[in-house]
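Reader: Got a minute to walk me through a fold? I'd like the sheet and the helices around it.

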Amino acid sequence: MSDFSCIPGIMREAAKVMLSAENIDRSIHAKTGDQNFVTEYDVRTENMLREAFAKALPEADMLGEESAESHSTRIADGLTLIVDPIDGTTNFIHGCRYSAISVGVCDRGRIIYGAVYNPYMDELFRAEIGKGAVAEDRGTVVPIHVSGRGLSDALAYFGTAPYYRETLEKPTFRTLEKLFAVTRDIRRSGSAAMDLTSIAWGRGDIFFEYRLSPWDYAAGSLIVTEAGGRVSQMDGSPLRFDKPCPVVAGNPAAYEEFFAGDFLEF
């Protein structure tokens with residue numbers, strides 16, 4: 001197996017682009033879909049990652065959000081880095097300081113390594129399959145685990161995107177209304193990668209989004225499962241990494257209650 005110990009350092013170096021950003025509003029470009037944006041910093045960060053990974057892990061392809069031509073055909077039969085250079089671009093544009101770099105390593109359709117880094121808080125979450133999940137918080141490395149809270153005590157995270165309008169009123173907001181009635185509270189952060197790390201560290205208990213792209217959840221999904229959590233599509237089937245899919249993640253108690261209850265809308 002390849003050595004992935006280089007990945008956190010490469011991510012930290014690329015994050016300097018995010019931290020140095022100025023006049024972000026002048027660098028915005030619209031992508032396909034309503035309110036779907038990319039900045040020059042997304043592109044620059046992805047290019048830095050691509051160059052560094054090409055040298056450090058030449059055996060791997062890279063599937064990056066901001067380069068359409070990078071959509072890999074090797075997801076099922078090769079080694080692929082699935083990368084989001086800035087997850088939470090709208091947060092980044094508005095200076096909310098809640099955005100992250102996400103890197104998942106997919107080996108023949110299975111995620112075997114994942115890392116998510118929020119440079120604003122200097123928090124890096126990482127996991128390698130079969131080895132558990134850890135958080136590096138300002139230089140201190142600690143193992144992380146999901147909580148044991150059920151839905152009645154849960155903090156529920158959800159995501160939705162303005163450019164997927166068909167997922168808003170029905171089904172997202174109907175599911176949200178049901179969850180709000182039974183959980184402790186609801187959060188929407190604008191970064192699925194960061195939400196998944198919150199589930200992994202027990203800062204949240206259940207997460208759902210009706211449509212996510214692989215770069216949004218590739219790394220975070222492994223961090224959740226290695227922290228003792230559960231992740232799947234909304235029909236209970238495994239996540240796939242060759243195209244978008246719906247995602248549910250949580251600690252085992254909240255996850256099972258979510259599927260046992262009448263929360264999902266289709």
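Author: We'll take the sheet, then its hairpins, then the helices, then the cysteines. Bear in mind that this is a predicted model.

Reader: Fine. What is the strand order in the open sheet?

Author: The order is β3-β4-β5-β6-β7-β8-β9. That makes 7 strands, and the pairing is mixed.

Reader: Which strands stand at the edges?

Author: β3 (61-64) and β9 (140-143). Each has a single partner strand, so one side of each lacks a neighbour in the sheet.

Reader: And how much are neighbouring strands turned against each other?

Author: By 20° on average, ignoring direction.

Reader: Let's zoom in on β7. Where does it run, and is it enclosed or open?

Author: Strand β7 covers residues 123-128. Of its 6 residues, 5 are buried, so the rest of the structure largely encloses β7.

Reader: How many bridges join it to β6?

Author: There are 6 bridges between β6 (residues 110-118) and β7, and the two strands run antiparallel. One pairing to look at is V116 with F125 in β7.

Reader: What about the hairpin there? Which residue takes a positive phi?

Author: D122, with phi near 50°. The hairpin of β6 and β7 has 4 residues between the strands.

Reader: Now the other side. How does β7 run against β8, and how many bridges are there?

Author: Antiparallel, with 5 bridges to β8 (residues 133-137). Here R126 has V134 in β8 as its bridge partner. The hairpin of β7 and β8 has 4 residues between the strands, and G130 takes a positive phi near 80°.

Reader: Switching to helices. Which strands does α1 lie across?

Author: Helix α1 (residues 7-19) lies across β4 (79-87), β5 (100-107), β6, β7 and β8. Against β5 it runs at about 145°.

Reader: And α5? Which strands does that helix touch?

Author: α5 packs on the sheet and touches β4, β5, β6 and β7. Its direction makes about 100° with that of β6.

Reader: Is α5 covered or open, then?

Author: Mostly covered. In α5, 9 of the 9 residues are buried. Among them are M194, D195 and S198. After the helix comes G202, with a positive phi near 75°.

Reader: How does α5 sit against α6?

Author: The angle is about 5°, and the axes are 8 Å apart. α5 spans residues 192-200 and α6 spans residues 214-226. The two helices are therefore roughly parallel to each other; the cut-off for that is under 35 degrees.

Reader: Which residues meet there?

Author: From α5, A192, A193, L196, T197, I199 and A200. They meet D216, Y217, G220, S221, I223 and V224 in α6. The contact splits into 8 nonpolar, 3 polar and 1 charged.

Reader: Why do the α5 residues come with gaps of three or four?

Author: In general, an α-helix has 3.6 residues a turn, so residues three or four places apart point the same way.

Reader: Last topic, cysteines. How many disulfides?

Author: The count is 0 disulfides.

Reader: Is C245 buried or exposed?

Author: Buried, at 3% relative accessibility. C96, by contrast, is partly exposed, with a relative accessible area of 47%.

Technical notes. Residues are numbered from 1 along each chain as its sequence is written. This is a predicted model: local features need pLDDT of at least 70, side-chain atom pairs count only at pLDDT 80 or more; totals for chains, interfaces and linings use all residues. Side-chain values use heavy atoms; hydrogens and water are left out. Axes are lines fitted to C-alpha atoms, for helices over the stretch in contact, and angles run from 0 to 180 degrees between N-to-C directions. Angles under 35 degrees count as roughly parallel, over 145 as roughly antiparallel, 65 to 115 as roughly perpendicular and the rest as oblique. Contact means heavy atoms within 4.5 Å. Ala, Val, Leu, Ile, Met, Phe, Trp, Tyr, Cys and Pro count as nonpolar, Asp, Glu, Lys and Arg as charged, and the others, Gly among them, as polar. A disulfide is a pair of cysteine sulfur atoms within 2.5 Å. Buried means under 20% relative accessible area, exposed over 50%, partly exposed in between (1.4 Å probe, protein chains only). Two strands pair if DSSP finds at least two bridges between them.
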